[in-house]
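Work through the exercises below with the sequence and the model open. Try each task before reading its solution.

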Amino acid sequence: MAKKTNTKLKETENVNLQIAEQPKKKTALKVADNPIKNCKPYNDIDLNNWKDYSHILTNSLWLFPSRDKSGKHSNEYHGNYIPQLAQQFFERFTKKKDIILDLFLGSGTSAIEALNMDRRCIGVELKPELADHVAEKFSQKELVTDVNIISADSTSEEAKQKVQDRLAIMGEEKAQFLVLHPPYDDIIKFSNRKEDLSNCATTEEFYDMFEKVAKNGYDLLEDGRYAALIIGDKYAKGEYKLLSFGCNQRMEKLGFKLKAVIVKDIQGNERAKGKNANLWRYRALYGGFYNFGHEYIFIYEKPKTKKLKNAKKNAKMVA
Ligand SMILES: C[S@@+](CC[C@H](N)C(=O)[O-])C[C@H]1O[C@@H](n2cnc3c(N)ncnc32)[C@H](O)[C@@H]1O
């Protein structure tokens, strides 16, 4: 039985905000064991019992007071995303045993959560030493059947080919969900490698490299399935740079259909780690800017191609 998300909703008095709380203990994820009659083709949510899913967020403001550090999750990697995001994505947009493709795997949050929720994962990470470290979190058996970690440059044809090969080994042609959590341009420098998106000379170059990764993701994702982009903005030379909207433009250019924009809080501003909060507050007051308290999650659908739609229509007519 898969694990339940550790979020529970609460409504504030004045506004209809959904605030995610940390429950005291973990319970099983709401994944039905029996065939569900009324559910979408891309998840296992039983719509006949939709009131049972109050832990699934449907509001576009996500507030998480703290990170889930249970199980294999740790906060060792500066720049990782909180597992609660993966829990929300995977329950809402995937079915049991679906394959989640993460093209910026980092410390493996998507892979860990995929397994916790009885899904599978293929992850690509540029830094071989990090890919090896993440692989050590899984048993040999899991690495054969459920998790595939590839060390490669996700902008490349070679990475796309490697993912295709792993998909074939896992008995699939395409992945069923795509996670994109790129570096936020050069805010955190992940390595000195020239293929690293955090090492671009200009923001325009960052967008171009991001687009190459997103194109690979688009080609590797099944039609009619969903993708999540997690990204924040930055200040450069006293000016606000909307990296999030820039990346979104590239996503839409590739054909992804934008379904939602979610604002997520950043607790304890990771980027200011080690620095004095008061110092940042003073700088903000002095410089006329605001310290980051949010980032974005964009949810996309890869539209069904006409070919697929027609094939389904014909199959129905024959039946
Ligand atoms: C924001 S972090 C992702 C963190 C991850 N979601 C987690 O929870 O640990 C971005 C990651 O992308 C990797 N990266 C940068 N450029 C890449 C590229 N061209 N191909 C693959 N990975 C890349 C970095 O090494 C870094 O680990």
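**Exercise 1. Find which residues surround the ligand, and sort the shell by residue class.**

Solution. Start with the count: 24 residues surround the ligand, each with its C-beta atom, placed from the backbone, within 6 Å of it. The closest are Asn80, Phe104, Gly106, Thr109 and Leu126. Next, sort the shell. Nine of its residues are nonpolar, ten polar and five charged. Here Ala, Val, Leu, Ile, Met, Phe, Trp, Tyr, Cys and Pro count as nonpolar, Asp, Glu, Lys and Arg as charged, and the others, Gly among them, as polar.

**Exercise 2. Decide where the coordinates deserve caution.**

Solution. This is a predicted model: local features need pLDDT of at least 70, side-chain atom pairs count only at pLDDT 80 or more, and totals for chains, interfaces and linings use all residues. Residues are numbered from 1 along each chain as its sequence is written. Take the average first. The chain has a mean pLDDT (the predictor's confidence in each residue, from 0 to 100) of 87, and 83% of the residues score at least 70. Then look for weak stretches. Residues 1–19 stay under 50, with 50 contacts beyond four places in sequence in the model. A contact means C-beta atoms, placed from the backbone, within 7 Å. Residues 21–28 are also below 50, and this stretch has 17 contacts beyond near neighbours in sequence. Where pLDDT is low, the predicted coordinates should not be read in detail.

**Exercise 3. Lay out the sheet and the helices on it.**

Solution. First, count elements: the chain has nine helices and ten strands. These are DSSP runs numbered from the N terminus (helices H or I, at least four residues; strands E, at least two). Eight strands form an open sheet of mixed pairing, in the order 1-9-10-6-5-2-3-4. Pairing takes at least two DSSP bridges between two strands. At the edges, strand 1 (61–62) and strand 4 (147–151) each pair on one side only.

Now compare two pairs. Strand 9 (residues 257–265) and strand 10 (residues 294–301) run antiparallel, joined by eight bridges. In this pair, Lys264 stands opposite Glu295. Strands 2 and 3 run parallel, with four bridges. There, Asp102 stands opposite Gly123.

Finally, add helices. Helix 2 (residues 109–116) lies across strand 2 (99–102), strand 3 (120–125), strand 4 and strand 5 (175–180), at about 175° to strand 3. Helix 3 (residues 128–135) touches strand 3 and strand 4, at about 165° to strand 4. Axes are lines fitted to C-alpha atoms, for helices over the stretch in contact; angles run from 0 to 180 degrees between N-to-C directions.

**Exercise 4. Explain why strand 3 is largely enclosed, then examine helix 1.**

Solution. Six of the six residues of strand 3 are buried, so the rest of the structure largely encloses it. Buried means 20 or more other C-beta atoms, placed from the backbone, within 10 Å of the residue's own. Arg120, Ile122 and Val124 point one way, Cys121, Gly123 and Glu125 the other. In helix 1 (residues 83–93), eleven of eleven residues are buried. Its cover includes strand 2, helix 2, strand 5, strand 6 and strand 10.

**Exercise 5. Is Leu221 buried or exposed?**

Solution. Locate Leu221 in strand 6 (residues 221–231). Leu221 is buried because 22 other C-beta atoms lie within 10 Å. Beyond four places in sequence, Leu221 touches Lys174, Ala175, Leu178, Ala227 and Lys302.

How values were computed
Contact = placed C-beta atoms within 7 Å. Buried ≥ 20, exposed ≤ 12 C-beta atoms within 10 Å, placed from the backbone.
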